[in-house]
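Biologist: I am new to this structure. Please take me through one part of it closely, the pairing of charged side chains, and then set that part in its surroundings.

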Amino acid sequence: MLLAATQLLDEAAGGPVSTREITERAGVRAPTLYHHFGSKQALLDAVVSHGFKEFLRSRRTSSKNSDPLEDIRAGWDSHVAFGLEFPGAYAHIYGNVKPGVPCGVTEDVRAHLLKALRPAALQRRLRVSPAEAATRILAACSGVTLTLIQQPPTERDLGLSDGMRESVLASISDVPTEMAALHAPGARQALESVAATIDDANTLTTGERALMRETPCAPCR
């Protein structure tokens, strides 16, 4: 059904996709869709989540940075850039949370972040535990990204992301506070990089791109 939904999203190019179209393409009946996903929207959610995971997987290249904190900075900037490039998908994943229910996609991000924090912990660069550092980074980074998504593109202040990133790094690590000024262009450069490369990537289908580029739903605006 995921394949059928993805194919239909490709063909719809951002247009609506009905439950009947999905079930007919997948060769199943509607009760089967509801049994596995609960609703058509939940199935489309799974498609978006799959696209996000594939994006994250495509960004996981080995780093040549000798400073592990630079990897954390790069990860933050890529996270923000993804949210601004695909605001509909990001708001859907991070804006439609349920109390006490962790999102599979965000758990994947957390696992990747914990792995990225390990070298800093081994070098005794962290002031807090890796788990606490990951919690602070994800809370701040997702909050900043959702805030920037709500700002008109022409008035968007990417300096907000850069400042918050350095404040969080200063609270969890031994990074000197004065180093913040050296990293001001981070989020803007990452956004430009993602915008330039994502359309050339083979990990996302046309349908996934179309769905993910949609603006957030009314409650998230």
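Modeller: Start with one pair. Glu24 and Arg20 form a salt bridge, and their closest N and O atoms are 2.9 Å apart. This is a predicted model, so the distance comes from predicted coordinates. Both residues sit in helix H2 (residues 19-26). They are 4 residues apart there, so about one helical turn separates them. Is Glu24 buried or exposed? Glu24 is exposed, with a relative accessible area of 54%. Arg20 is exposed too, at 62%. The cut-off for exposed is over 50%, and therefore both side chains earn the word.

Stay with H2 for a moment. Two packed helices are described by the angle between their axes and the distance between the axes. H2 packs with helix H3 (residues 30-37) at an angle of about 100 degrees, and the axes are 9 Å apart. H2 is therefore roughly perpendicular to H3. On the H2 side, the contact is made by Thr19, Ile22 and Thr23. On the H3 side, Ala30, Leu33 and Tyr34 take part.

Now move to a second pair. Arg73 and Glu70 meet in a salt bridge, at 2.9 Å from N to O. Both lie in helix H5, 3 residues apart, which is about one turn of the helix. Their surroundings can be put in numbers. Arg73 has 4% relative accessibility and counts as buried. Glu70, at 24%, counts as partly exposed. The limit for buried is under 20%, with exposed over 50% and partly exposed in between. That is why Arg73 and Glu70 get separate labels.

A third pair reaches across the chain. Arg165 forms a salt bridge with Asp77, with the closest N and O atoms 2.8 Å apart. Arg165 is in helix H9 and Asp77 is in helix H5. The two are 88 residues apart, and the pair links distant parts of the chain. Both Arg165 and Asp77 are buried. Shared partners then join Glu70, Arg73, Asp77, Asp162, Arg165 and Glu166 into one network of salt bridges. The structure holds 9 salt bridges.

Arg165 also leads to the nonpolar residues. Trp76 is in contact with Arg165, leaving aside neighbours within four places in sequence. Its other contacts on that basis are Ile137, Ala140, Cys141, Val144, Ser161, Met164 and Val168. Trp76 belongs to the largest nonpolar core, which has 29 residues. Trp76, Leu113, Leu117 and Ile137 have the most contacts inside this core. Two or more residues each come from helix H5 (68-85), helix H6 (87-95), helix H7 (104-122), helix H8 (130-150) and helix H9 (159-172). H8 gives the largest share, 9 residues. A second, separate core has 7 residues, including Leu8, Val17, Leu33 and Val47. Leu33 is also one of the H3 residues in the contact with H2.

How far should you trust the picture? The mean pLDDT of the protein is 75, and 64% of its residues reach 70 or more. Confidence is highest in H8, at 93. It is lowest in helix H10 (residues 186-197), at a mean of 49. Over residues 217-221 the pLDDT is below 50. Beyond near neighbours in sequence, that stretch has 6 contacts in the model. Where pLDDT is low, the predicted coordinates should not be read in detail.

Definitions and conventions
Residues are numbered from 1 along each chain as its sequence is written. This is a predicted model: local features need pLDDT of at least 70, side-chain atom pairs count only at pLDDT 80 or more; totals for chains, interfaces and linings use all residues. Side-chain values use heavy atoms; hydrogens and water are left out. A nonpolar core is a set of buried Ala, Val, Leu, Ile, Met, Phe, Trp, Tyr and Cys residues joined through side-chain atoms within 4.5 Å. Buried means under 20% relative accessible area, exposed over 50%, partly exposed in between (1.4 Å probe, protein chains only). Contact means heavy atoms within 4.5 Å. pLDDT is the predictor's confidence in each residue, from 0 to 100. A salt bridge is a side-chain nitrogen of Lys or Arg within 4 Å of a carboxyl oxygen of Asp or Glu. Axes are lines fitted to C-alpha atoms, for helices over the stretch in contact, and angles run from 0 to 180 degrees between N-to-C directions. Angles under 35 degrees count as roughly parallel, over 145 as roughly antiparallel, 65 to 115 as roughly perpendicular and the rest as oblique.
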